[in-house]
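Student: I should like to learn how to read a strand and a pocket in a structural model. May we work through one example together?

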Amino acid sequence: MSATVSFKVTTAQGEQSVTLSYTRRGSGEPLLLLHGIGHHRQVWDPVIPALAAERDVIAVDLPGCGESSALPDGMAHDLPTMSTVLTALFGALDIERPHVAGNSLGGLLALDLARAQLVRSVTALSPAGFWNEAERRYAFTVLMTMRQIARRMPLPMVERLARPALGRTLLTSTIYARPGRRSPEAVVAETLALARAQGFSETLRSGRTAQFTDDIVGTPVTVAWGNRDRLLIPRQGVRAKGVIPGARLVRLPGCGHVPMNDDPALVARVVLDGSR
């Protein structure tokens, strides 16, 4: 069952109230799951049962995504603000220095929290921020195209396309290596999430200058990359290892940019191993 939590965040304009939607399941050390731009927390559903057997798993809709409201006026959907919001979320949920796993934008956010020594460990799945300029422009063009298509398609058309495996491939092959494995219902829901994501445009604009260049010392870091990632190409994982020499770099065979549905057992094992 989903829940919401409201909390105060201190900004240059004073205290602002933020409300986020999340699900919580399992027991053990806390593990926060962060999705990518324009996605929603349900993208983690394939791996949550395995993770919840060993962790207190919290999957959150980032601000302006899924069922979470956009940030209040005056609060930017940029990396420093999002990290401030997530730090405040820790206090609101009474979790101290959780493990964090993130995909794409969520991976970049997780690494930023680790840079500030706010988490116990990080598992970053195809994290943003290790691109060169040409790769960034390519990824942003693909994302904007996906968003435009999602916004223009009527719901009945999305539902019809999502029924056959071929239609699910047309809708999601950019992010999944095995799109036929995604259920029709999940494909419809994430297409709607992309179309309705309130923070999408501002987050993408702020990401134009996002580049992760700092080593992380004292916090275990795992960087995992699908060898069939068509959005952030796998060689960016080698760059990530160069920036964070102590990180464990893991290849995810047969997985795309969002690997949780392509190989749930492998991704769950990588996240659990990374959060020991």
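Student: Which residues of strand 7 lie on one side and which on the other, and are they buried or exposed?

Tutor: First, please note that this is a predicted model. As a general idea, the side chains of a regular strand alternate between the two faces of the sheet. In strand 7, V221, V223 and W225 lie on one side, while T222, A224 and G226 lie on the other, and all are buried. Both faces of this strand are therefore covered, buried meaning under 20% relative accessible area.

Student: Which strands pair with strand 7, and in which sense?

Tutor: Strand 6, residues 121–125, pairs with strand 7 in the parallel sense over four bridges. One of the residues to locate is T123, whose bridge partner in strand 7 is T222. Strand 8, residues 248–252, also runs parallel to strand 7, and five bridges join the two. Here G226 has L252 of strand 8 as its bridge partner. Between these two strands the chain passes through helix 9, residues 235–243, in a right-handed β-α-β crossover.

Student: How many residues line the largest pocket, and which lie nearest its centre?

Tutor: The lining comprises 45 residues, with G36, I37, G38, L143 and L231 nearest the centre. The pocket holds about 720 Å³ of space.

Student: Which helix gives the most to this lining, and what is the lining's make-up by class?

Tutor: Helix 4 gives the most, with seven residues; this helix spans 133–152. By class, the lining of the largest pocket has 25 nonpolar, 17 polar and three charged residues.

Terms used
Residues numbered from 1 in each chain as written. Predicted model: local features only at pLDDT ≥ 70, side-chain atom pairs only at ≥ 80, totals over all residues. Heavy atoms only, no water. 1 Å grid on protein atoms, 1.4 Å probe; cavity = no way out; pocket = protein on both sides within 12 Å on 5 of 7 lines; lining within 4 Å. Points joined across faces, edges and corners; volume = space filled by probe spheres on them. Nonpolar A, V, L, I, M, F, W, Y, C, P; charged D, E, K, R; others polar. Buried < 20%, exposed > 50% of the residue type's maximum accessible area, 1.4 Å probe, protein only. Pairing = 2+ DSSP bridges. Right-handed = clockwise from strand over helix to strand, strands pointing away.
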